[in-house]
Structures are given as C-alpha cells and as structure tokens.
Amino acid sequence: MTQDTPTPPTNDLVELRDVTVTYPGATSPALLGMSLAVTEGEFLAILGPSGSGKTTALRAIAGFEHIQSGEIHINDQLVAGANRHVDPERRRVGMVFQDYALFPHKTVAGNVAYGLNRSKGEARVGEVLELVGLTGLGDRMPNELSGGQQQRVALARALAPEPDVILLDEPFSNLDANLRDRVRRELRLILTETRTTAVLVTHDQEEALATSDLVAVMYKGRVVQVDSPAELYTKPSDPWIADFLGDADILTTTGHRGYAETAVGRFKTDLKGPVVVVVRPEDVQLSVGETPNAVVARTDFFGHDQLVTVALHGGSRIRSRIGPRPNYQSGDRVRVRAIRARVYPGRT
Ligand code: ADP
C-alpha cells in the first residue's frame, strides 16, 4: 500500500431504507417504512415498547423475515429488496438470542465451532473463548455453566466466523440484575475491542442508554428518533419519547411572548398558543422558607435518592428527585421550581 492511499470513507454497515414487513393475516404492518443506518464499528440499540417492531427489524436484518418493500444493505451488499432475499447464512451476521439457543448436546467448544470452517476451527475456537474469558471451559456442557457464562458462549459462537455485524435480541433478559450489569459491561468491552458493529434490541431504557453509542427509538413499526443516549434523554423530540425514556411530568400552558409560563417557572419558547412543558424530576428543586406554591403529597425513598411528589396549587402533580436528605413529610408546604424544562407544541 502506498502512503497516499486514501482511507475509505466510513460507511453505513447496515442500512434499512423504507422497509415494510407485514405478517400473514396481520391487520397492520409490523414494520411500516422503517429506515435506519448503522455505521461501521458502532453499537446501536433499538429501543421501543413491546410490539413496536424491534424483533421484526432484527430478524429482517438477519434474513429470517422477508420484507415486502424497501431495501436492506449490509456492508454495501443489497441483501433484501425487490425480488431479492439473501439467506441468513450468507449475510455475514452473528446472532445472539434471548435464550442463547446453545446446542445442549454439544460442548462449549462444539457450540463455538458450529458454522466454522473445519480447517481453522480449533485455533479460532481457542481465540474467541479467550476473548470472552472462557479459556479452559471448552469441554464443558452448556448446562454446567452459569447464565452469564452461557451468554458468553453464545457471544463467542456469534463472533467466531468474524461476521460483519452482531445482532443481539434482548441478550441480558435472562440474567439477574447484578449479573446483568456486569455482563453488559463485559460485552460492550469485547465488542469495542474487536471493533464489531452491533445492533441490540431491548425494551429496557436503562440498558439501551447505558450500553450503546446510539439509540434508535421505535414506535408502531417506525424509528421515531435516533440519537446518542445523552442527546436522546435531554432532547427527546416529543413528549412521548421523553416519558418513555425516563421519569417526566407534563404541564400544559400557553406560549406567549417568547415564554411558556408555568407554576414551576417560565421557560423560553418560540411557540405560541397551547404548549406542553416536560419536566424531569432531577430538574425540580424544593425549598422551604419561601412563599410555598405546593404541598408534599408523598415521598418514595430509594437510599441514594428519593422522589418527592408534590401537588401544585391548582391540582397538577410534579415529582422532584433529590438526595436522601432532607426528610419531607406529606403535607409539608414547599416552594417548587424547575431549573430546566422542554417545551413542545400542545393540542390546539
Ligand atoms: P417487539 O419486538 O417490539 O415487541 P415485534 O417485532 O415482536 O415487536 O412485533 C411487532 C408486531 O408484529 C406486533 O404487533 C406483533 O404482534 C406482530 N408479530 C410479531 N411476530 C408475528 C408473527 N410471527 N405473526 C404475526 N404477527 C406477528
């Protein structure tokens, strides 16, 4: 290679363009013009409520579902489109399923070797077992492993043939909470180390935000917002996404002369007429000693923080997330102020 060989541009490794999937007999499509691009080396989470089409999207990328319209490209190859459907085993994708789908009668090494070319099988099996931290366990049977270890076998099996992309379908849902955090971090490290492009499907907001570079939020068969976890959480494109991603309270008011005036503060906006103001509890402050504008309705104590629900004069309720102190009691009169909020068009 000469010195001035241009580096290839970063391409979208997986791309869905306007993809529609309707199951036989279904009254509405599971995917309805879904578009999504995943850049090489990126870890993207598809997040959405149950039934929004996440699994269908993953299965369409893998080739387990036929699409009715649109196109799917993987590594610049058209794998699904008009009159074209490349079979799953020819798409160079690795799949990790929710239940791991290990072969129960094959050893760990046998599971990992599945789908590998015999000639380089053994060396590669050792390599990926080392990568996932299972060196020495190749002769075990799957039922002799913990849930976390089985998950790593499934990941090793998916990584072994060096796929272009790894697709993960709710891979942590069978693990208990403590283990889940650890396995999630390990998986993330392994995929970063191997610069593997990955698409994770989850209905768990925290998991999507904590694990991925980008989150695509799905609703009714479409992607409604794609952003980094921090952008998505702080700048959701509509109130539904704000509420879906975390705790959010909604106040209705009107936009007037550059502001939306509420009981907890006035917020800049160019919108005029009815607006909704979305407030996250961590942006809501409480104080005593100033003119009160609310009464404490309840407190939920979690140790590292607490959620204090207050009733504003006028009836609406709003929550404040604060540290474990001070100790508010129901009926306490307090001053509530939101230091930040987002304003969206309201219903006219
Ligand atoms: P999610 O993974 O977000 O929960 P799915 O992709 O599983 O959503 O499902 C999307 C929609 O397609 C849902 O309305 C679901 O009921 C429907 N669906 C999923 N699988 C099938 C199937 N095999 N046959 C018919 N309808 C299905």
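Visitor: Where does Pro49 lie?

Guide: In this predicted model, Pro49 sits in the loop between strand β3 (43–47) and helix α1.

Visitor: Is Pro49 buried or exposed?

Guide: Neither word fits Pro49 exactly, because a relative accessible area of 25% makes it partly exposed, and buried would require under 20%.

Visitor: How far apart are Pro49 and Val112?

Guide: Pro49 and Val112 are separated by 63 residues in sequence, and their C-alpha atoms are 32 Å apart in space.

Visitor: Which residues surround the ligand?

Guide: Pro49 is one of them. The others are Tyr23, Ala30, Ser50, Gly51, Ser52, Gly53, Lys54, Thr55 and Thr56. Sorted by class, this shell holds 3 nonpolar, 6 polar and 1 charged residues.

Visitor: What polar atoms lie by the ligand's oxygen atoms?

Guide: Three examples can be described. A polar backbone atom of Ser52 is 3.1 Å from an oxygen atom of the ligand. For Thr55, a polar side-chain atom lies 2.7 Å from a ligand oxygen atom. For Thr56, a polar side-chain atom lies 2.5 Å from a ligand oxygen atom.

Visitor: How much of the ligand does the protein bury?

Guide: The ligand exposes 560 Å² when taken alone, and the protein buries 55% of that area.

Visitor: Back to helix α1. How many of its residues are buried?

Guide: Helix α1 covers residues 54–62 and is mostly covered, with 7 of its 9 residues buried. Those buried residues are Lys54, Thr56, Ala57, Leu58, Ala60, Ile61 and Ala62. Lys54 and Thr56 also belong to the residues around the ligand.

Visitor: What follows α1?

Guide: Gly63 follows helix α1, and its phi is positive, near 100°.

Visitor: Which residues have a positive phi although they are not glycines?

Guide: Asn83 and Arg92 are examples. Asn83 has a positive phi of about 55° and is found in the loop between β5 (77–81) and β6 (84–85). Arg92 also has a positive phi of about 55°, and its place is the loop between β6 and β7.

Visitor: And are those two buried or exposed?

Guide: Asn83 is exposed, with a relative accessible area of 87%. Arg92 counts as partly exposed, at 45% relative accessibility.

Visitor: New topic: strands. How many residues of β8 are buried?

Guide: Strand β8 spans residues 165–169, and 5 of its 5 residues are buried.

Visitor: Which residues are on each face of it?

Guide: Val165, Leu167 and Asp169 are on one side of β8, while Ile166 and Leu168 are on the other, and both faces are covered. In general, side chains in a regular strand alternate between the two faces of the sheet.

Visitor: Which strands does β8 pair with?

Guide: Strand β7 (residues 93–96) pairs with β8 in the parallel sense over 4 bridges. Within that pair, Gly94 has Ile166 in β8 as its bridge partner. Strand β9 (residues 197–202) also runs parallel to β8, joined to it by 5 bridges. There, Val165 has Thr197 in β9 as its bridge partner.

Visitor: What about antiparallel pairing? Which strands form the open sheet?

Guide: An open sheet is formed by 5 strands in the order β16-β20-β17-β18-β19, and the pairing is antiparallel.

Visitor: Why is one side of β16 and of β19 left without a neighbour?

Guide: Strands β16 (284–287) and β19 (317–322) stand at the edges of the sheet and have a single partner strand each, so one side of each has no neighbour there. On average, neighbouring strands of this sheet are turned by 40° against each other, direction ignored.

Visitor: How many bridges join β17 to β18?

Guide: Strand β17 (residues 294–301) is joined to strand β18 (residues 306–312) by 7 bridges. Val296 stands opposite Val310 in β18.

Visitor: Which peptide bond is cis?

Guide: The bond from Arg325 to Pro326 is cis, with omega near 0°. Pro326 is placed in the loop between β19 and β20 (333–338).

Visitor: Finally, how many helices and strands does the protein chain have?

Guide: The protein chain has 8 helices and 21 strands. Of its 348 residues, 44% count as buried. Its C-alpha atoms fill a box of roughly 80 × 55 × 45 Å along the principal axes.

Terms used:
Residues are numbered from 1 along each chain as its sequence is written. This is a predicted model: local features need pLDDT of at least 70, side-chain atom pairs count only at pLDDT 80 or more; totals for chains, interfaces and linings use all residues. Side-chain values use heavy atoms; hydrogens and water are left out. Two strands pair if DSSP finds at least two bridges between them. Helices (H or I, at least four residues) and strands (E, at least two) are DSSP runs, numbered from the N terminus. Axes are lines fitted to C-alpha atoms, for helices over the stretch in contact, and angles run from 0 to 180 degrees between N-to-C directions. A residue is near a molecule or strand if one of its heavy atoms lies within 4 Å of it. A polar contact is a pair of N or O atoms within 3.5 Å; within protein, one must be able to donate a hydrogen and the other to accept it, and residues adjacent in sequence count only if both atoms are side-chain atoms. Accessible areas come from the Shrake-Rupley method with a 1.4 Å probe; for residues, only the protein chains shown count as cover. Ala, Val, Leu, Ile, Met, Phe, Trp, Tyr, Cys and Pro count as nonpolar, Asp, Glu, Lys and Arg as charged, and the others, Gly among them, as polar. Buried means under 20% relative accessible area, exposed over 50%, partly exposed in between (1.4 Å probe, protein chains only).
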